[in-house]
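This report describes selected strands, helices and surface patches of one protein chain. Please have the sequence and the model open while reading.

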Amino acid sequence: MRLSTRIAIVVGAVVPLLVVAAGWVLVGLVGRDLHAQADRRLGERAQGVASAARGLLRAASNDRPRAEQARQRKLFTAALDIGIRLTGPDGTVMDGPQPDASVRLPAGTGHPVTVHSRGQTWRALTVPVTTGRPGVTGTLWLFSPESARQAQIQLVRGRVITVALLAAPLSAALAWALAAGASRPLRRLQQRTSGLDPHTSAARLEHTPTRITEVDDLAHTLQTFLARYDEQAARTAEALATARSFAAAASHELRTPLMSMQTNLDILDAFHDLDPADRAETVDDLRRGHARLLGLLVMLRALAQGDLVEADAFASVDLADLADAAVSDLRRTHPEAEVLFEGAPGLTVHGWQPGLRSMLDNLLTNSLTHGRSADGRAQVAVRLRADRDSRTTPTVVLTVDDQGPGVPPEQRQTVFRRFHRRADSPGSGLGLTLVAQQVALHRAQLRVLDGPGGMGTRFEIAFPIAQPDRATVGAPQHRDWLSDTDRRG
């Protein structure tokens, strides 16, 4: 059932009830006004009739029949259309419409009362009559029939019922017309959304504001829902692509070390009397192959996590504390290396802490592996500083320097390619790829430069400083570092 039809039914049912309720109150007020009007009329007539009643009692007490008849006619003339009953020492005189004589009348109350007789209702007013003579007193009752007032009240009731019966269809029709017009924007929105199917069409809801709050809010909600659906569909597609890339990369890159390990295992199995030196060399090859396999899996897993991380995983991170922890771990695992760190605490960025730590670990490991000086000495210097130049966005600048042979300018972009490594490199070729991935995720700037004095290599990364008074931007929408073999840093 349409909304306009529902509104029409409700209005068609409610309006007659409201009319009847208002009419009921109106009938009560009209009845009260008619009673008050009748009571005032009785009070006004009582003054003239009481004067005529005193004259009649005096004439009756003087035993003057003609005068008594004249006074009686004057009494009846003063009463006009109301009923009167006068009780005196010589009997009772009555005229006009009034209750049956057998009905017991109330004693004098000074104000009108209601009297019932044979299915009829009367308003009665009692007036004591005194003549100033001892023993010549009486009681005068005035009666006003309620039939005329009841007829008027019944007429009002009938009109109220008629108005209620007429109001039902008229109000329902008017409500339907108004509701149909008011719900037209909602029907248009329904027609536009009925053909939208996220599974089969890329079309999305185009909504022009109608200045109807409910319709505009509903359209905004639908647009938000569809946008989130598209976002989740894209993230699902990215997750599937990442899973496929992970499987493909693992299958391709692990084939060689696995075959090498298989060969070494076959040698150990076939030659039980193998020379101890050859056996040790074979076992050492197995260990290196195992370490390479483990490193590849760890790096591929880290790349996959970076491709799938969500924006809500980002938070404020003290980069100085994170760098100090990474340097301390490197010193503990490589006590022979000289690792320097310089940086003030409180340099905060908005980032993904596990990704930033992985980036630092891989930068330090790369510098330690490839940055040894000619005499074989390993020295790595890590520095953090704030660059608050007013002309640009404030940044936290991280530099990692080594004393190695450096990176030629023409190779300073290719080193970030996936699986790119030197022939003598013991790594997996994914460390710097992971660094470049985290730099992109954090919207930072990465440069490869010559080291201090033209010796070695400097990796410089500039991170935007977290601004508490600004909305922080989350991770990029498209991340394909695991699947894109030509990705640059």
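In which sense do strand β10 and strand β12 pair, and over how many bridges? Strand β10 (residues 395-402) and strand β12 (residues 457-464) pair in the antiparallel sense, over 7 bridges. The model is predicted, and the description below should be read with that in mind.

## Strands β10, β11 and β12

Within the pairing of β10 with β12, D401 has R458 of β12 as its bridge partner. Strand β12 also pairs with β11: the two run antiparallel and are joined by 6 bridges. One of the pairs here is L446 with I461, the latter in β12. β12 is therefore a partner of both β10 and β11.

The connection between β11 and β12 is a hairpin with 6 residues between the strands. G453, in the turn, has a positive phi of about 75°.

A further contact in space concerns D387 and I465, which are 78 residues apart along the chain and have C-alpha atoms separated by 9.1 Å. D387 is found in strand β9 (residues 379-387). With a relative accessible area of 29%, D387 is partly exposed.

## Helix α9 and the residue after it

Helix α9 covers residues 431-441, and 10 of its 11 residues are buried, so the helix is largely enclosed by the rest of the structure. The buried residues include G431, L432, T433, L434 and V435. Also buried in α9 are A436, Q437, Q438, V439 and L441.

R443 follows α9 and lies in the loop between that helix and β11 (445-450). Its phi is positive, about 55°, although R443 is not a glycine. Most residues other than glycine have a negative phi. R443 is partly exposed, with a relative accessible area of 42%.

## Strand β1 and its partners

Strand β1 (residues 83-88) has 5 of its 6 residues buried, so it is largely enclosed by the rest of the structure. It pairs with β5 in the antiparallel sense over 5 bridges. In that pairing, the bridge partner of G83 is F143 of β5.

β1 also pairs with strand β2 (residues 91-95), again antiparallel and over 5 bridges. L86 has V93 of β2 as its bridge partner. A hairpin of 2 residues joins β1 to β2.

## Surface patches

Which residues gather in a patch of positive charge on the surface? The patch consists of R58, R64, R71, K74 and R133. Of these, R133 is found in the loop between β4 (120-130) and β5 (137-145). R133 is partly exposed, with a relative accessible area of 34%. The loop that carries R133 thus leads to β5, the strand that pairs with β1.

A nonpolar surface patch of about 260 Å² is made by V10, V14 and L18. L18 has its place in helix α1 (residues 3-61). L18 is exposed, with a relative accessible area of 54%. As for the spacing of such positions, an α-helix has 3.6 residues a turn, so residues three or four places apart point the same way.

Terms used. Residues numbered from 1 in each chain as written. Predicted model: local features only at pLDDT ≥ 70, side-chain atom pairs only at ≥ 80, totals over all residues. Heavy atoms only, no water. Patch = residues over 30% accessible without salt bridge, like charges linked within 9 Å, V, L, I, M, F, W, Y side chains within 5 Å. Areas by Shrake-Rupley, 256 points an atom, 1.4 Å probe, with all protein chains shown as cover. Salt bridge = Lys/Arg side-chain N within 4 Å of Asp/Glu carboxyl O. Lys, Arg positive; Asp, Glu negative; His and termini not counted. Charge placed at Lys NZ, Arg CZ, Asp CG, Glu CD. Helix = DSSP H or I, 4+ residues; strand = E, 2+ residues; numbered from the N terminus. Buried < 20%, exposed > 50% of the residue type's maximum accessible area, 1.4 Å probe, protein only. Pairing = 2+ DSSP bridges.
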